[in-house]
Amino acid sequence: MRETPRAEPPQPRPHRAFAHTAGALGSGTPHRSDARPPHTPRGERRSGHGDRPGTTPPVPGRSAVFWALVVLAVTTWQVLVHGPLARLDERLSGALVDTVPRGLSEAASDLGNMTVALPLLACAMAYAAWRGRRAAALAAGLTMAAVPLLVVPLKVWTARPGPLEPWAHGYFPSGHTATAMVAYVSAAYLVSRRLLPLSVLLTTVTAAGLILRGFHWPLDVLASVALCLPLLRWPVYAARYDGRKGRVPHGSDRAET
C-alpha cells in the first residue's frame, strides 16, 4: 500500500507582510502596524489643559434638555392655574418646613446668595482665562448674566406667594437655586471636572435649605433646576471649543515640544 504523504508544516513565505507572524505573542518583534499612528478617534485623543483630558466634556443631551423644558412648562402651568400639582406642592412644603433647625437650613440656603456664589465663579473665570480657556470663562459669565433675565420675568408673571409670606409675591422660580447651580457647576467646568460632584452637592444643599427654611416651595426649586439645565450647555460647549483649540495637530513640530 502506498502511504499517504504527511502534510508539511506551512513555511513562511518570503516578501510577505510580517504583521501577522512576527508580532505573535512572545516573539519579541513588534507588528509592522505598531509604528503607525492609530486610526481610531480614540487613539487620537490627547490631554487637554491641566488635568482635563482631551475628551469631550459631558453635555446634557437633547432628550435631557427636552424633558427639562417640559418640566419647566408643566410646573409653570400648574402654578399659574393653582392646579393639583401646586396644591400637592404646598402640602409637601408644610410637612418639610422647620423639620431641621432654622440656623442649619438658613446657612444652607445662603450658599445661593450672590455674595457667596458670584465671587467663587469670578475666581474660576479668572483661573480659566489665565489658563487660556477664555471662551469657557466668557460663556460662564454670560450664562450667569442670563439667569436674572429669565428668572425675574417668570417671577413677575406667576406672582406666586411664599410659604411663610403669603402676602409677598415672586417666589417662582427660585433665583437662589438658579444662582447656585449656574455658579457652582460652571466653576467646576472651568477649574476641573473632578469638582462636578462637589458642585452638584452644593446645589442640592442650597435647594434643600431653601425648602426646609420655608424660603421656597419645592416646585420653585424644581423649576429652577429645569431652567438652568439648558443654560449650562453654553459653558460646556465653550469648554469643548477651548479643548479643541488647545489640541496639537498630529504630526506637527509642536508635538515634539
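Among contacts in the protein chain between residues at least 6 apart in sequence, what percentage join residues at least 24 apart? I looked this up before anything else, and the share is 74%. I note here that the model is predicted.

**Entry: the chain as a whole**

I listed the secondary structure and found nine helices and zero strands. Reading along the sequence, I wrote the pattern down as α-α-α-α-α-α-α-α-α. The protein chain has 257 residues, of which 37% count as buried. I then looked up the exposed surface, which comes to about 15,600 Å². Carbon and sulfur atoms supply 65% of that area.

**Entry: H3 against H7**

Two packed helices are described by the angle between their axes and the distance between the axes. I took helix H3, residues 102-109, and helix H7, residues 196-213. Their axes lie 7 Å apart, and the packing angle is about 135 degrees. That angle makes H3 oblique to H7, because it falls outside the range of 65 to 115 degrees for roughly perpendicular and is not over 145, the cut-off for roughly antiparallel. I recorded the crossing of H3 and H7 as left-handed.

Next I wrote down which residues touch. From H3 they are Arg102, Ser105, Glu106, Ala108 and Ser109. Their partners in H7 are Val205, Thr206, Gly209, Leu210, Leu212 and Arg213. Sorted by class, the residues of this H3 and H7 contact are four nonpolar, four polar and three charged.

**Entry: H6 against H8**

I repeated the look-up for helix H6, residues 175-191, and helix H8, residues 218-231. Here the angle is about 40 degrees and the axes are 8 Å apart. H6 and H8 cross in a right-handed way.

On the H6 side I listed Gly175, Thr177, Ala178, Met181 and Val182. On the H8 side I listed Val221, Ser224, Val225, Cys228 and Leu229. The contact of H6 with H8 holds seven nonpolar residues, three polar residues and no charged residues.

**Entry: Thr143**

Is Thr143 buried or exposed? I first placed Thr143 in helix H5, which covers residues 134-158. Its relative accessibility is 0%, so Thr143 counts as buried; the cut-off for buried is under 20%.

Which residues does Thr143 contact, leaving aside its neighbours within four places in sequence? I found Val182, Leu231, Trp234 and Pro235. Val182 was already in my notes as one of the H6 residues that meet H8. Leu231 lies within the residue range of H8, 218-231.

Notes:
Residues numbered from 1 in each chain as written. Predicted model: local features only at pLDDT ≥ 70, side-chain atom pairs only at ≥ 80, totals over all residues. Heavy atoms only, no water. Axes fitted to C-alpha atoms, helices over the stretch in contact; angles between N-to-C directions. Helix = DSSP H or I, 4+ residues; strand = E, 2+ residues; numbered from the N terminus. Parallel < 35°, antiparallel > 145°, perpendicular 65-115°, else oblique. Left-handed = near helix turned anticlockwise from the far one by under 90°. Contact = heavy atoms within 4.5 Å. Nonpolar A, V, L, I, M, F, W, Y, C, P; charged D, E, K, R; others polar. Buried < 20%, exposed > 50% of the residue type's maximum accessible area, 1.4 Å probe, protein only. Areas by Shrake-Rupley, 256 points an atom, 1.4 Å probe, with all protein chains shown as cover.
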